[in-house]
Structures are given as C-alpha cells and as structure tokens.
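I opened the notebook to record a set of look-ups on one chain. The entries run from helix packing to cores to single residues.

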Amino acid sequence: MQNLAQQYGISVSLGAAVDHYMIYLQSCLDNELTRFHRDVGAQVHIAKSAMGRAYLWALPARTRNSMLQSILFHYLDDTDVIKEDTTRMFAELDNSGFCSDFGLWRQSVLAVATPIVIPGSDEVLAIHAGGTRGRIDGSVLMKEIGPDLVSVSQQITQGMEQANLSFWT
C-alpha cells in the first residue's frame, strides 16, 4: 500500500465495514500528501464512497441486498442517486475488478476501490486509492492505479491465505 501511495503521490487506505460505514484501518500516503489524509478510525459512508461500494459488491448476495435496503431506508432523499451510482460501480467491478468515484464522496476527490475477500471466510474488507483533483488525473486512476490496486488486493489475499490467517485472528 505504501509503495502504491508513493509511486503515484496518493492516499491508499484499507477499511472494514461497521454498520453503514467503512472505518479506516490503515492509511498510507505519499510523503508530500497531507491535505487528503484520513486518519485510522475515520469513517466514510458505504453508500457514498467507492470503498463502500467495493465492499458491498463482494458480499454474498443475500447480505448485500439486505444492507442495500437498510442504506436506502436511511437515505430516502438520495435513493435514486444511490441506486444509479451503485449500479454503475458494480458494473465497473464486474468488468475491471475496481470501481471509481470522481467527486461523489467529495467534489474535490477522485478515487478507485476494490474489495479484499478473506480466504475461507465471509470476511470482506476494501481498499481504495485516491487524491484531489489537480493532484491526480482520472485517466491515470482508471488505466494505472485501479489495476495496480487490484494487484495489491490480490497480494494481501494471497499472503493471508498462505499464512492461513483470517483478518480478525
């Protein structure tokens, strides 16, 4: 994660779901990046972030549908937008293994995210990479950083599988 952050001058974060939020468990950033830094323990809403959508996408269908219904109930005014964005991001995940958020969470922030499914369990985490407009280009996120992020996710998954670890033990 740190290598990716430094290579592109971005923030790379790992998160886990708690209720309707993704909680940052680890954040790595380029040495010069301070403005877009989110501390460990910070939270972003599942329904309004690429990290959250990547997490939802990787859940078993029954769990995903239940969580989506709960989220939509809490955001009645944003139901159509949430459904549209979720459908688009799920299509991206189906096609490339990652999804993008260009200003949905915050207007000034561009990000990509992918899930991490812990081998031999129902545990799902998500990892995202991003930065502010002007610091990172959307095409670089989609063509380079997104695929690199998928590779990082696979490396984490393979490492945990080889060590016979789950995330919480």
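The entries below follow the order in which I looked things up.

**Entry 1: the model**

I am working from a predicted model. I kept that in mind for every value below.

**Entry 2: α2 against α4**

I began with two helices, α2 (residues 50-58) and α4 (residues 79-96). Their axes come within 10 Å and cross at roughly 65°. Angles of 65 to 115 degrees count as roughly perpendicular. That makes α2 roughly perpendicular to α4. I also looked up the hand of the crossing, and it is right-handed.

Which residues make the contact between α2 and α4? From α2 I listed A50, R53, A54, L56 and W57. From α4 I listed I82, D85, T86, M89, F90, L93 and D94. Sorted by class, this contact of α2 with α4 has eight nonpolar residues, one polar residue and three charged residues.

**Entry 3: α2 against α3**

Next I took α2 with helix α3 (residues 61-74). The angle here is about 140°, and the axes lie 8 Å apart. The cut-off for roughly antiparallel is over 145 degrees. I therefore entered α2 and α3 as oblique to each other.

On the α2 side, the residues in contact are Y55, L56 and W57. On the α3 side, they are R64, M67, L68 and I71. The contact of α2 with α3 divides into six nonpolar residues, one charged residue and no polar ones.

**Entry 4: α3 against α4**

I closed the set with α3 and α4. They pack at about 150°, with axes 10 Å apart. That makes α3 roughly antiparallel to α4. R64, L68 and L72 are the α3 residues in this contact. They meet T79, I82, K83, T86 and F90 of α4. By class I noted four nonpolar, two polar and two charged residues.

I then cross-checked the lists. L56 and W57 of α2 appear in the contact with α4 and also in the contact with α3. R64 and L68 of α3 meet α2 and also meet α4. I82, T86 and F90 of α4 meet α2 and also meet α3.

**Entry 5: the nonpolar cores**

How many residues does the largest nonpolar core hold? I found 25. M22, I46, Y55, L56, M67 and C99 touch the most other members. At least two residues of this core come from each of β2 (21-29), α2, α3, α4 and β6 (124-132). Which element gives the most to this core? I found that α2 does, with six residues.

There is also a second, separate core of 23 residues. Its members include I10, C28, I127 and V150.

**Entry 6: C99**

I went back to C99 and pulled its neighbours, leaving out residues up to four places away in sequence. It touches A50, R53 and A54, and also M89, E92 and L93. A111, V112 and A113 complete the list. Of these, A50, R53, A54, M89 and L93 are already in my list for α2 against α4.

I then checked a distance to C99. G9 is 90 residues from C99 in sequence, and their C-alpha atoms are 19 Å apart. G9 lies in the loop between α1 (2-8) and β1. Is G9 buried or exposed? At 11% relative accessibility, G9 counts as buried.

**Entry 7: the loop between β4 and β5**

S108 sits in the loop between β4 (99-102) and β5 (109-117). Its relative accessibility is 31%, so S108 counts as partly exposed. Setting aside residues up to four places away in sequence, S108 touches G131, T132 and R133.

Q107 is found in the loop between β4 and β5 too. Q107 has a relative accessible area of 62%, so I logged it as exposed. The C-alpha atoms of Q107 and R133 are 8.6 Å apart, with their positions 26 residues apart along the chain.

**Entry 8: D19 and A61**

I looked up the backbone of D19 as well. Its phi is near 55°, a positive value in a residue other than glycine. D19 belongs to the loop between β1 (11-18) and β2. D19 counts as exposed because its relative accessibility is 64%.

My last look-up was A61, in helix α3. Its relative accessible area is 42%, so A61 is partly exposed. A61 and V140 are 79 residues apart along the chain, and 31 Å separates their C-alpha atoms.

Terms used: Residues are numbered from 1 along each chain as its sequence is written. This is a predicted model: local features need pLDDT of at least 70, side-chain atom pairs count only at pLDDT 80 or more; totals for chains, interfaces and linings use all residues. Side-chain values use heavy atoms; hydrogens and water are left out. Axes are lines fitted to C-alpha atoms, for helices over the stretch in contact, and angles run from 0 to 180 degrees between N-to-C directions. Helices (H or I, at least four residues) and strands (E, at least two) are DSSP runs, numbered from the N terminus. Angles under 35 degrees count as roughly parallel, over 145 as roughly antiparallel, 65 to 115 as roughly perpendicular and the rest as oblique. A crossing is left-handed if the near helix is turned anticlockwise from the far one by less than a right angle, and right-handed if clockwise. Contact means heavy atoms within 4.5 Å. Ala, Val, Leu, Ile, Met, Phe, Trp, Tyr, Cys and Pro count as nonpolar, Asp, Glu, Lys and Arg as charged, and the others, Gly among them, as polar. A nonpolar core is a set of buried Ala, Val, Leu, Ile, Met, Phe, Trp, Tyr and Cys residues joined through side-chain atoms within 4.5 Å. Buried means under 20% relative accessible area, exposed over 50%, partly exposed in between (1.4 Å probe, protein chains only).
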